[in-house]
Amino acid sequence: MRKRFEYKTVIIEPKGFWGTKYEPAEIDKVLNQYGNDGWELVTAESRDYGGTFYGIIYTFKREM
C-alpha cells in the first residue's frame with residue numbers, strides 16, 4: 001500500500017507598525033504546535049514581491 005499524505009500551508013507575517021518585527025518565541029510556538037499534532041515541516045520560504053517582505057510560508061505534511 002502506498003503512503004498517503006495531507007498538506008497544510010501556514011503563513012506567518014511580521015508584526016509591528018512597519019511590518020518588520022518577528023517574535024521567534026511566537027514562531028516556535030506555532031511550529032511546535034503543528035509538530036505536536038503530527039505535522040512535519042517540509043519547506044519554509046519567504047514571501048516577497050518587488051523587494052518588499054510579506055512573511056514566511058511554511059508547508060507541512062503528515063501521513064494520512
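Buried here means under 20% relative accessible area, so arginine 47, with a relative accessible area of 18%, makes the cut. This is a predicted model, and this briefing walks through its salt bridges, a few residues on its strands, its helix and a surface patch. The salt-bridge count comes to 2, and one of the two involves that same arginine 47, paired with glutamate 13.

**Salt bridge one: arginine 47 and glutamate 13**

- Arginine 47 sits in strand β2.
- Its salt-bridge partner is glutamate 13, and the closest N and O atoms of the pair are 3.6 Å apart.
- Because arginine 47 is in strand β2 and glutamate 13 is in the loop between β1 and α1, the pair ties together parts that are 34 residues apart in sequence.
- The two ends fall into separate burial classes: arginine 47 counts as buried at 18% relative accessibility, while glutamate 13 is partly exposed, with a relative accessible area of 41%.
- Once neighbours within four places in sequence are set aside, the contacts of arginine 47 are Ile11, Glu13, Thr52, Phe53, Tyr54, Gly55 and Ile57.

**Salt bridge two: glutamate 6 and arginine 62**

- Here the side chains of glutamate 6 and arginine 62 meet at 2.8 Å, N to O.
- This pair also links distant parts of the chain, with glutamate 6 in strand β1 (residues 5-12) and arginine 62 in strand β3 (residues 52-63), 56 residues apart.
- The side chains of glutamate 6 and arginine 62 make a polar contact too, again listed at 2.8 Å.
- On the accessibility side, glutamate 6 has 29% relative accessibility, so it counts as partly exposed.
- Arginine 62 has 27%, and therefore counts as partly exposed as well.
- Leaving out residues within four places in sequence, glutamate 6 is in contact with Trp39, Phe60, Lys61, Arg62 and Met64.
- Take Met64 from that list: the C-alpha atoms of glutamate 6 and methionine 64 are 6.3 Å apart, although 58 residues separate the two along the chain.

**Two more residues of strand β2**

- Threonine 43 is in strand β2, and with a relative accessible area of 36% it is partly exposed.
- Not counting residues up to four places away in sequence, threonine 43 touches Ile57, Tyr58 and Thr59.
- For Ile57, the C-alpha separation from threonine 43 is 8.0 Å, with the two residues 14 apart along the chain.
- Valine 42 belongs to strand β2 (residues 40-49) too, and its 43% relative accessibility makes it partly exposed.

**The nonpolar surface patch**

- Valine 42 turns up again on the surface, where Phe5, Tyr7 and Val42 form a nonpolar patch.
- Together, the three residues of the patch have about 290 Å² of accessible area.

**Helix α1 and what follows**

- Helix α1 covers residues 24-36, which is 13 residues.
- The length checks out: at 1.5 Å a residue the helix should span 18 Å, and its end C-alpha atoms are 18 Å apart, so the two values agree.
- As a general reminder, an α-helix has 3.6 residues a turn, so residues three or four places apart point the same way.
- Glutamate 26 is in helix α1, and it is partly exposed, with a relative accessible area of 47%.
- The C-alpha atoms of glutamate 26 and leucine 41 are 16 Å apart, with the two positions 15 residues apart along the chain as the separation in sequence.
- Just after α1 comes glycine 38, which takes a positive phi of about 95°.

Conventions: Residues are numbered from 1 along each chain as its sequence is written. This is a predicted model: local features need pLDDT of at least 70, side-chain atom pairs count only at pLDDT 80 or more; totals for chains, interfaces and linings use all residues. Side-chain values use heavy atoms; hydrogens and water are left out. Patches are made of residues with over 30% relative accessible area and no salt bridge: like charges are joined within 9 Å, nonpolar side chains (Val, Leu, Ile, Met, Phe, Trp, Tyr) within 5 Å. Accessible areas come from the Shrake-Rupley method with a 1.4 Å probe; for residues, only the protein chains shown count as cover. A salt bridge is a side-chain nitrogen of Lys or Arg within 4 Å of a carboxyl oxygen of Asp or Glu. Helices (H or I, at least four residues) and strands (E, at least two) are DSSP runs, numbered from the N terminus. Buried means under 20% relative accessible area, exposed over 50%, partly exposed in between (1.4 Å probe, protein chains only). The expected span of a helix is 1.5 Å times one less than its number of residues. Contact means heavy atoms within 4.5 Å. A polar contact is a pair of N or O atoms within 3.5 Å; within protein, one must be able to donate a hydrogen and the other to accept it, and residues adjacent in sequence count only if both atoms are side-chain atoms.
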